[in-house]
Amino acid sequence: MKLNLKIWRQNDAKSKGKMVQYPLDGVDGDMSFLEMLDVLNEELINKGEEPVEFDHDCREGICGACSLQINGEPHGPDRKITTCQLHMRKFNDGDTIVIEPFRANAFPVIKDLMVDRSAFDRIQQAGGYISVNTSGNTVDANAIPIEKEKADDAFNAATCIGCGACVAACKNASAMLFTSAKVSQFALLPQGQVEATDRVLNMVRQMDLEGFGNCTNTGACEVECPKGISLENIARMNREYVSASVKG
Amino acid sequence: MSGLIKSSIARKIAMALSGFFLVFFLLFHCTVNMTSVFSADIYNQFSHFLGTNFVVQALMQPVLVFGIIFHFVMGFVLEIKNRNSRSIRYTQYKGGTNAAWVSRNMIISGAVVLAFFGLHFYDFFIPELIHKYVQSHPEDPTRYFPELIHKFQNPVRIGLYVFSFVLLALHLWHGFASAFQSMGVNNKYSPGLKKVTQVFAIVVPAAFIFIALFHHLNGH
């Protein structure tokens, strides 16, 4: 397969970037998208050029490291996958593929296609945890009865891998789906009730401080989320927020 | 409580509440207008009551004007804020693959509806104020229906009216259901609720268009 790649190149956070074209031959349909970029980088290194910087880690859809806006969509044209799970068989010989970093002011570009998503870490640090006594008499979480439906909803919310596709897809670069998933995974469980009020207030405050946009309920985040995190979580966070604001 | 005033969620809820208020007003306005199709007398009675009742004029009307201004100003403020959250735009962005056009372009449909409000104020609201408070004409309870018929004779005005209500239908198609989501309502009843809001988004603007066309065609 022969491809024409248009890739965003940017030396560092402060310099101005631009799209650069790279023709690439010998791409196999069974390669993952990241393997295709590996092939390109080997070519560039052999030619003495700077390889394209991009994020990756587990390469099996778990870590959420691989980002990339591919042909105008986060993680490319397929649904409920990350970029490492996207295969080149989804493209045709002669295709032009436009590859850009996730765009949001809260996700500044570090280099080329790699962006700084530490804003998500700071939102988590603001309240995405529970305090547990670990002095030796810790109660087994399974000893607390939880109704199946709530346990399932909490688990589904907890499957968010923090990849940032929700922000990348949203026309407003809003992080509400991510934040709401992290609020919901605790709000639904008894263990999360102790810090429930502070959690939602602090996480939403941090989200706003990071400079993400406002949610306008377009639903793009839900469609592009590789883990299928539902908009129900945003509605739950809104309820939690109002309740916490009145209490707190 | 300060977060409930300044946060991004507070802004969503404020938009939703003002939107619900305007939806309620729209339904009321449509019901009153629809009486003009069946009976000039009933339309005149409704209009006379609304135009002369102290509670309506001194309390409800200012609240309505505030609600309209608040919803539009907040909408534009949010649009500017949201645009600023992504300073460098994508070279290629396929928004249509994951979200409907109406949901991504509320600012366009909203701006057209705002322009229509300007026309509507120029046509009805401002002349009404001048008639009552500047020229101080004696109140004539039968003047409302002939005034309505007169306004609907200009085909350009009818064209603008129809176009604006089509855009209002698009605005409501996303906005009405979206307001429930903003208020935290997303449960097993939400798909049914969404259908109800979509029926409202079509029926109410279509009724306004019908009333305008009815009087335009019957007036000739």
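**Figure 1. Where B:Met74 sits in this predicted model**. Find helix 4 of chain B, which covers residues 54-84, and you'll find B:Met74 in it. This residue is partly exposed: count the other C-beta atoms within 10 Å and you get 15. Why isn't that called buried or exposed? Buried would take 20 or more and exposed would take 12 or fewer, so a count of 15 for B:Met74 lands in between.

**Figure 2. The contacts of B:Met74**. Let's skip residues up to four places away in sequence and see what's left. B:Met74 touches B:Arg11, B:Ala14, B:Met15 and B:Ser18.

**Figure 3. B:Met74 and B:Lys194**. Now for a pair to compare along the chain and through space. B:Met74 and B:Lys194 are 120 residues apart along the chain, and their C-alpha atoms are separated by 24 Å.

**Figure 4. Chain B, helix after helix**. Chain B has 9 helices and 0 strands, so its pattern along the sequence reads α-α-α-α-α-α-α-α-α. The C-alpha trace of chain B spans about 60 × 40 × 40 Å along its principal axes. Of its 220 residues, 26% are buried. Take the contacts in chain B with a separation of 6 or more: 87% of them come from residues 24 or more positions apart.

**Figure 5. Chain A, with helices and strands**. Over in chain A you can pick out 8 helices and 7 strands. The C-alpha trace of chain A spans about 60 × 35 × 35 Å along its principal axes. How many of its 248 residues count as buried? The share is 48%. Among chain A contacts with a separation of 6 or more, residues 24 or more positions apart account for 70%.

Terms used:
Residues are numbered from 1 along each chain as its sequence is written. Chains are lettered from A and ligands numbered from 1 in the order in which they are written. This is a predicted model: local features need pLDDT of at least 70, side-chain atom pairs count only at pLDDT 80 or more; totals for chains, interfaces and linings use all residues. Helices (H or I, at least four residues) and strands (E, at least two) are DSSP runs, numbered from the N terminus. Two residues are in contact if their C-beta atoms, placed from the backbone, lie within 7 Å.
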